[in-house]
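Please open the model in your viewer and keep the sequence beside it. The tour proceeds by selection, one stop at a time.

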Amino acid sequence: MSPRRPTMPPLSRLAGCCLIALLLALPFTTHAAQSLRYPATPEGDAASPLVIHGALDLPQVRPLLDAFHRDHPDVALHYRNLSTLALHERFLRSPAEADVLISSAMPWQYRLANDGQAQPLDTPAARRWPAWARWRSELFAITFEPIVMVVNEAIIARFGEVRSHADLLTLLEREGESLRGRVVTYDPAISGAGYTYAIEESRLSPRYWELVAALGEAEAALAETTGEMLEGLIEGRYLVGYNLLGSYARERLADQPRLKIVVPEDYTLVTQRLALVPRLAPHPEMARRFLDYLIGERGQEVLARATPLGAIHPSLEGPGTAAALRRQRGEALRPIRLGPGLLATLDDLKREALLTRWRREFTRRERR
C-alpha cells in the first residue's frame, strides 16, 4: 500500500488554488523567446482567442499586451515575434492564421491593405485618428520612431563628434581603414525595414550613394535586424551603427554609457509601425477590439509611458510622444509617408534596380 499523502489544510489549499490561478493568468514565453502567450483567467467565461503577428520585439510589445490582457482577462492571447519579411511571407502562405499584423516594413503592410487583404475598423478612435497616420479605415500607424546612428565614445574621442549623415560620410572617407569591419548597417536585400530606409534615403539625399560606397570601403557588416546590430555594438565588435531603430536603441543602450545615440541633425527618417486586421482574421471581433485599443488613448498612453516606441495619439504630449519629438527636431524629421508612393518601392523592376545599384556601390572596392 502506498503511503497516504498528508491532507492540505484549508488555508494552504486556498493559497495553492490562488497561486495556480495567478500562474495561469501570467504570460509565458515560448519558442526561444520569440513568442508570448497569455492564457485566459480560469474565472472568465469561454476564452476568446486572439493571435497577433508582429515585427516588434518582446520587451517593447510586452507592456502593451500586459495592459490589454488586464482589461480583457477572458482573452487567450498569443503573440508571435517575426522579422518584417518573415511576417509578410508567413501571411501570404497562411492569410487566415493571424488576427492582427503589426510591422515597420511599411510598403509591405500598405500593399496588403491596397490588395484588399485588410478589413475596416469603424470606431470613434479610428475616425479621429490623424489622416497622415492611416490609410482609409484599414491601415493605422501606431508608433513614431526615428532612425538613428550609434557611435562608440572611443570614435568621438579620437575623430570628433558625428552629428549628421554628412559627418558620417566624412568619417568613413577619412578613416575607413581604421574602421574596417567595425561598422554595421542593414542589408536591404534581406531586411524589409532596411530596404525601406534605403529607398527613402536615395530620394532624400543626393549623397546617399556616396555613403553606401563609403560603407563598402570600410567593409561594413550587414545585418537583418536592429537587434543584431545592437548586440555587436554592445559586445564591442562594432564601433559605429548606421540606420538603427531609435526605439530599440534607446532601451537597449540605457546602461551602455560608452555608446551614444545620434539623431542626425541634417535629416532623420521616421518610421511608423502599421497595424491591420486581415480580411480572413479567424477572430475578427477580438482583432478589431485590439486594434481599437492600439489607437485609443489607453493603448497610446502605454506606448508613451512604458515603451520607447513613440505615441501618435493627438491628445498626448510630453515625453514619449510624436508631438514632443516634433518640437525637439522640427523640420529635420522626415516621416516615411503613408500613401500610394509606398507601392512604387515594391515594383519588382524598381526593387531590383535599387538593390543592384546598392550592391554595385557597396562592392566598388572589390571590383578595383
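The stops below cover a strand, a helix and a single residue.

This is a predicted model, in which local features need pLDDT of at least 70 and side-chain atom pairs count only at pLDDT 80 or more, while totals for chains, interfaces and linings use all residues. Residues are numbered from 1 along each chain as its sequence is written, and side-chain values use heavy atoms, with hydrogens and water left out.

Begin by selecting strand 14, residues 268-271 (strands are DSSP runs of E with at least two residues, helices runs of H or I with at least four, numbered from the N terminus). In a regular strand, side chains alternate between the two faces of the sheet. Here T268 and V270 on one side, and L269 and T271 on the other, are all buried (under 20% relative accessible area, 1.4 Å probe, protein chains only).

Add strand 9, residues 145-152, which runs antiparallel to strand 14 and is joined to it by 2 bridges (pairing requires at least two DSSP bridges). E145 has T271 as its bridge partner. Next add strand 16, residues 333-335, which is parallel to strand 14 and linked to it by 3 bridges. There, P335 stands opposite V270.

Move to helix 12, residues 284-295. Its end C-alpha atoms are 17 Å apart, which agrees with the 16 Å expected for 12 residues (1.5 Å times one less than the number of residues). Its buried residues include F290, Y293, L294 and I295.

Finally, select Q300 in helix 13, residues 297-306. Q300 counts as buried because its relative accessibility is 0%. Not counting residues up to four places away in sequence, Q300 touches Y293, L294 and I295, among others including W129 and H313 (contact means heavy atoms within 4.5 Å).

Key
Buried means under 20% relative accessible area, exposed over 50%, partly exposed in between (1.4 Å probe, protein chains only).
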